[in-house]
Amino acid sequence: PQERIESISKRLACPTCDGESVYESRGGASQAIRKEIARQVSDGQLTDSQVVKAIDDSLKVRIIHLQE
C-alpha cells in the first residue's frame, strides 16, 4: 500500500508549491492530500487512476503527467 500511495502522490502537483509534487512537498495541503490518498488506497475500491481523478475532482489539484 505505501508504494501505491507514493506512486499516486508523485502524479499530483502540490497546490501551494511551485514545481513540487504532492510526494515531494512538506506543505500542509500536500500532507492533507497524502492522507486522502492513503484513505482511498486503504479502502481498496479504486484504481490508481480513479484515486488521482477523485483527488483532482474534489480538490482541483493539477495532475502531473509523468512520462513512462
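**Exercise 1. Place Lys 10 in this predicted model and decide how accessible it is.**

Let's start with location: the loop that joins H1 and H2 holds Lys 10. Next comes accessibility, where buried means under 20% relative accessible area and exposed means over 50%. Lys 10 has a relative accessibility of 36%, so it counts as partly exposed. As a last step, look across the chain to Tyr 23: this residue and Lys 10 are 13 residues apart in sequence, and their C-alpha atoms are 5.0 Å apart in space.

**Exercise 2. Find the buried residues of helix H1 and work out how they are arranged around its axis.**

Helix H1 covers residues 2-9, and its buried residues are Ile 5, Ile 8 and Ser 9. Now look down the axis of H1: the buried residues fall within an arc of 95°, so they line one face of the helix. To see what lies over them, check the neighbours; the cover includes H2 and H3.

**Exercise 3. Describe how H1 packs against H2, from the geometry to the residues in contact.**

Begin with the axes, which are 10 Å apart, with a packing angle of about 135°. Angles over 145 degrees would count as roughly antiparallel, and 65 to 115 as roughly perpendicular. H1 and H2 are therefore oblique to each other. The handedness comes next: H1 passes H2 in a right-handed crossing. On the H1 side, the contact is made by Arg 4, Ile 5, Ile 8 and Ser 9, and on the H2 side by Arg 34, Ile 37, Ala 38 and Val 41. Sorting these residues by class gives five nonpolar, one polar and two charged. You may recognise Ile 5, Ile 8 and Ser 9 from the previous exercise, where they were the buried residues of H1.

**Exercise 4. Repeat the analysis for H2 and H3.**

First, fix the elements: H2 spans residues 28-43 and H3 spans residues 48-59. Their axes come within 10 Å and cross at roughly 135°. H2 and H3 are therefore oblique to each other. For handedness, the crossing of H2 past H3 is right-handed. Now list the partners: H2 contributes Ile 33, Glu 36, Ile 37 and Gln 40, while H3 contributes Val 51, Ala 54, Ile 55 and Leu 59. A count by class finds six nonpolar residues, one polar and one charged in this contact.

**Exercise 5. Which residue of H2 takes part in the contact with H1 and also in the contact with H3?**

Take the H2 residues that touch H1: Arg 34, Ile 37, Ala 38 and Val 41. Then take those that touch H3: Ile 33, Glu 36, Ile 37 and Gln 40. Ile 37 appears in both lists.

Conventions:
Residues are numbered from 1 along each chain as its sequence is written. This is a predicted model: local features need pLDDT of at least 70, side-chain atom pairs count only at pLDDT 80 or more; totals for chains, interfaces and linings use all residues. Side-chain values use heavy atoms; hydrogens and water are left out. Axes are lines fitted to C-alpha atoms, for helices over the stretch in contact, and angles run from 0 to 180 degrees between N-to-C directions. Helices (H or I, at least four residues) and strands (E, at least two) are DSSP runs, numbered from the N terminus. Angles under 35 degrees count as roughly parallel, over 145 as roughly antiparallel, 65 to 115 as roughly perpendicular and the rest as oblique. A crossing is left-handed if the near helix is turned anticlockwise from the far one by less than a right angle, and right-handed if clockwise. Contact means heavy atoms within 4.5 Å. Ala, Val, Leu, Ile, Met, Phe, Trp, Tyr, Cys and Pro count as nonpolar, Asp, Glu, Lys and Arg as charged, and the others, Gly among them, as polar. Buried means under 20% relative accessible area, exposed over 50%, partly exposed in between (1.4 Å probe, protein chains only). The arc is that of the directions from the helix axis to the C-beta atoms.
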